[in-house]
Amino acid sequence: MPDKSPFGQGTARPKSLGHLMFASRWLQVPLYLGLIVAQAVYVYQFVLELWHLIDTVFLHGTPAAGAPAPEVVVMLTVLALIDVVMISNLLIMVIIGGYETFVSRIDLNDHPDEPEWLSHVNANVLKVKLATAIIGISSVHLLQTFIRAGSTPNDKIMWQMLIHLAFVLSAVGLAYIDRLLSTSPAEHTRSHLQRRSEGPRGA
């Protein structure tokens, strides 16, 4: 049956352009691969911090004159290790969640190690999780500052506390916005259709 569309064969051009724009999401793949390299760098940084902890406790038990007490050094080093791990967790959320949300589905075939949050991840959930992860990282930095409060200027402590509170308020705002969007009829319908859909988003 001949095409009686008023646009004729011209409708194929916008459709092809749309497919090209949709396929452009694969340009983000090098970005996520770069984050994997950054993850490897943080593993190397963790090993260095761990060796510093072992060296402080077992190899140099007597601190030099004017050096911090060993327990303070151990506490600061452990906090640095926690900081590296939390940033690494943040990278994992961005790599896996971002790829799943903006590039292509990750078909894990019900792998037992599949993250619990991956089954319901979307752009809004990812933003809230990233905000809460940043708050955790900021809390570790703030605790390190409090431990060194005797040698830290008061204005630096004040600004760090204000920045931390700004992170908290931002996370609360994002969570509130996500709650509003999740209760809207359009978002409910979209989430329902997304749960029913199956198959990869391959181009």
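Helices in these legends are DSSP runs of H or I with at least four residues, numbered from the N terminus.

**Figure 1. Order of the secondary-structure elements in the predicted model.** Read from the N terminus, the elements of the chain follow the order α-α-α-α-α-α. The chain thus shown holds six helices and zero strands. Of its 203 residues, 25% count as buried. Among contacts with a separation of 6 or more, 76% join residues 24 or more positions apart. The exposed area of the chain is about 14,200 Å², and 68% of this area is supplied by carbon and sulfur atoms.

**Figure 2. Confidence along the chain.** The mean pLDDT of the chain is 77, with 74% of residues reaching 70 or more. Helix H2 has the highest confidence, at a mean of 89, whereas confidence is lowest in helix H6 (residues 185-196), at a mean of 54.

**Figure 3. The aromatic pair of Tyr32 and Tyr99.** One aromatic pair is found in a search of the whole structure. Its members, Tyr32 and Tyr99, meet edge-to-face, with 6.1 Å from centre to centre and 85 degrees between the planes. Tyr32 belongs to helix H2 (residues 29-59) and Tyr99 to helix H3 (residues 70-102), so that the pair links parts of the chain that are distant, 67 residues apart. The two rings are described by separate accessibility values. Tyr32 counts as buried because its relative accessibility, 11%, falls under the 20% limit. Tyr99, with a relative accessible area of 22%, is partly exposed because this value lies between the limits of 20% and 50%.

**Figure 4. Arg25 over the ring of Phe22.** The view centres on a contact between a charge and a ring face. Arg25 lies over the face of Phe22, and the distance to the ring centre is 3.9 Å.

**Figure 5. Spans annotated as transmembrane region in the UniProt record.** The unreviewed UniProt entry places this feature at residues 31-54, 74-96, 130-151 and 157-177. In the model, residues 31-54 are 100% helix and 0% strand, and the C-alpha atoms at the ends of this span lie 35 Å apart. Residues 74-96 are likewise 100% helix and 0% strand. For residues 74-96, the end C-alpha atoms are 33 Å apart.

Terms used
Residues numbered from 1 in each chain as written. Predicted model: local features only at pLDDT ≥ 70, side-chain atom pairs only at ≥ 80, totals over all residues. Heavy atoms only, no water. Helix = DSSP H or I, 4+ residues; strand = E, 2+ residues; numbered from the N terminus. Buried < 20%, exposed > 50% of the residue type's maximum accessible area, 1.4 Å probe, protein only. Contact = heavy atoms within 4.5 Å. Areas by Shrake-Rupley, 256 points an atom, 1.4 Å probe, with all protein chains shown as cover. Phe/Tyr/Trp six-rings, centres within 6.5 Å; stacked < 30°, edge-to-face > 60°. Lys NZ or Arg CZ within 6 Å of the ring centre and 35° of its normal. pLDDT = per-residue confidence, 0-100. UniProt positions renumbered as here; feature names shortened; annotations may be inferred.
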